[in-house]
Amino acid sequence: MVSSTIASVKPRLLLAPTRPQRGCEHRLLADRSHAAGLCSAAGLQRRAWRARLARALAEDRFILHYQPIISLRDGSTSHHEALVRLADGRGRVLPPAWFLPAAERCGMIREIDQLVVAKVAALMGEQTGDGALSVAVNLSGLSVTDPGLLAYIERQLALHDVDPARLVIELTETASISDMSRAKAFCSGVQALGAAVALDDFGTGFGSFHYLKRLPFRYLKIDGEFIRSLPVSRRDQLVVQALVGIVRGIGASTIAECVSDQPTVGLLRAYGVDYAQGFAVGPPGAALALAA
C-alpha cells in the first residue's frame, strides 16, 4: 500500500484548566483521547487517503480494465471481470491493492464501488446484439451490507437499458461482512433481479465454508493460492478437486483465478473446473471489445 506522506505528527492539545470544574474530568479525558486519535499517525493517514480518494472521485481518475474469464470446455469467453485502477495524476496507474484497503479503512469504499457499477452499466449499455458481453463487478463486503446498494444497481441497469443477466456481482470473500443476514438478502436480491453472484477469493479465510453455506451464488472463484502451484502441489490438487465436487453438487460453477501456464490449464480441465482467469488465458485490457 502507498504510505502517507506524513511520517509522524505530535498532537497539540489544548491545556486543560488547572482545576477543572467538578463533573468535567471524564469529558476532558474523552476529548483528549478523541483529539489524540485524530492527530495520530494512523488517523492522519486515514484522513489523507480520504482526501486523496475524494479528489480522485471528483476528478474521475478511477479507470477500469477488463480481464476475460474463459470456458475450459470450448474456449469461449463467458464474461469479463472489471478491475478498478487509480490514475494518480503523476502518470502512474495504481493497482487495487494500493488503494482499496485504504478506501475500506477511511470509509470511501462504497462510493468507489458505486462508481464502478455505474461505469460498467454505461459500458454495457453501449453494446447491443448477440455480441454484447457480460461483465463481473467486484464489490466489497462492506458495500454489500448497504441496504440501498441493490436498488442502486437496478437503477443503473435500467438507466442504460442493460439486461441484468449480463451482470455478475463478485463478493470478495476476504472483506469483512458485518451483517450476514443483509449479505444473504443482497445476494438473493441480485439473483432475483436476474444477475449472477460469484464468491470471490474462495479459500483465503477460515470462514470460507460459512459463506458457501449461507450465501446463494452461481460461481465460486477458487483463490489463486490454490492455483499458482497446482502442477507441483498435491495438496492444492486435492483442494481443487474437492471444491469442484462440492460446487458441482449444489448446481454452481467453478472459476480458477491466477491461471498462469498451460500445464495448469490442462489440470484444471481434467479436474472439471468450468472456467479459468489469468494471463495464460487472457491478460487484462483497457478496452472491452464486442464479441466476434
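**Strand β6 and D201**

I began with D201, which lies in strand β6 of what is a predicted model. I looked up its backbone and found a positive phi of about 55 degrees, although D201 is not a glycine. I noted this because most residues other than glycine have a negative phi. I then asked whether D201 is buried or exposed. With a relative accessible area of 17%, D201 is buried, because the cut-off for that class is under 20%.

**The other positive phi values I wrote down**

C258 also has a positive phi, of about 60 degrees, and C258 is likewise not a glycine. I placed C258 in the loop between β8 (253-256) and α10 (262-271). Its relative accessibility is 32%, and C258 therefore counts as partly exposed. G194, just after α7, takes a positive phi of about 110 degrees.

**Helix α7 and its surroundings**

I checked the length of helix α7, which runs over residues 180-193 and has 14 residues. At 1.5 Å a residue the helix should span 20 Å, and its end C-alpha atoms are 20 Å apart, so the expectation and the model agree. Which residues of α7 are buried? I listed M180, A183, F186, C187, G189 and V190. For C187 I also took down the value, a relative accessibility of 2%, which puts this cysteine among the buried residues. I next looked at what covers the buried residues of α7, and the cover includes the strands β4 (135-139), β5 (167-172) and β6 (196-202), together with the helices α5 (141-144), α6 (149-159) and α8 (208-214). Having met C187 and C258, I searched the whole structure for disulfides, and the search found 0.

**Salt bridges**

Side chains of opposite charge can pair when their charged atoms come close. How many salt bridges does a search of the whole structure find? The search finds 7. I followed K221 and E81, which form a salt bridge with their closest N and O atoms 3.0 Å apart. K221 lies in strand β7 (residues 219-222) and E81 in strand β2 (residues 77-87), so this pair ties together parts that are 140 residues apart in sequence. K221 has a relative accessible area of 0% and is buried, while E81, at 6% relative accessibility, also counts as buried.

K221 has another partner in E170, and their side chains meet in a salt bridge at 2.9 Å, N to O. E170 lies in strand β5 and K221 in strand β7, so the pair ties together parts that are 51 residues apart in sequence. Both E170 and K221 are buried. I recorded the wider arrangement as a network of salt bridges that links E81, E170, K221 and E257.

I set R92 and D88 beside this network, as they form a salt bridge with the closest N and O atoms 2.6 Å apart. Here R92 is partly exposed, with a relative accessible area of 38%, whereas D88 counts as buried at 11% relative accessibility.

**Aromatic pairs**

A pair of aromatic rings is described by the distance of the centres and the angle of the planes. A search of the whole structure for such pairs finds 3. One of them joins F202 and F209, an edge-to-face pair with 5.5 Å from centre to centre and 80 degrees between the planes. F202 counts as buried at 1% relative accessibility, but F209, at 49%, counts as partly exposed.

I then turned to Y219 and Y275, whose ring centres are 5.9 Å apart and whose planes stand at 75 degrees, so this pair is edge-to-face. Y219 lies in strand β7 and Y275 in strand β9 (residues 275-276), so the pair ties together parts that are 56 residues apart in sequence. Y219 is buried, with a relative accessible area of 8%, and Y275 is buried as well, with 15%.

**The protein as a whole**

I closed with the overall values. The protein has 10 helices and 9 strands, and of its 292 residues, 45% count as buried. Among contacts between residues at least 6 apart in sequence, 67% join residues at least 24 apart. The protein exposes about 15,200 Å², and carbon and sulfur atoms supply 54% of that area.

Note on methods: Residues numbered from 1 in each chain as written. Predicted model: local features only at pLDDT ≥ 70, side-chain atom pairs only at ≥ 80, totals over all residues. Heavy atoms only, no water. Helix = DSSP H or I, 4+ residues; strand = E, 2+ residues; numbered from the N terminus. Buried < 20%, exposed > 50% of the residue type's maximum accessible area, 1.4 Å probe, protein only. Contact = heavy atoms within 4.5 Å. Areas by Shrake-Rupley, 256 points an atom, 1.4 Å probe, with all protein chains shown as cover. Disulfide = S-S within 2.5 Å. Expected span 1.5 Å × (residues − 1). Salt bridge = Lys/Arg side-chain N within 4 Å of Asp/Glu carboxyl O. Phe/Tyr/Trp six-rings, centres within 6.5 Å; stacked < 30°, edge-to-face > 60°.
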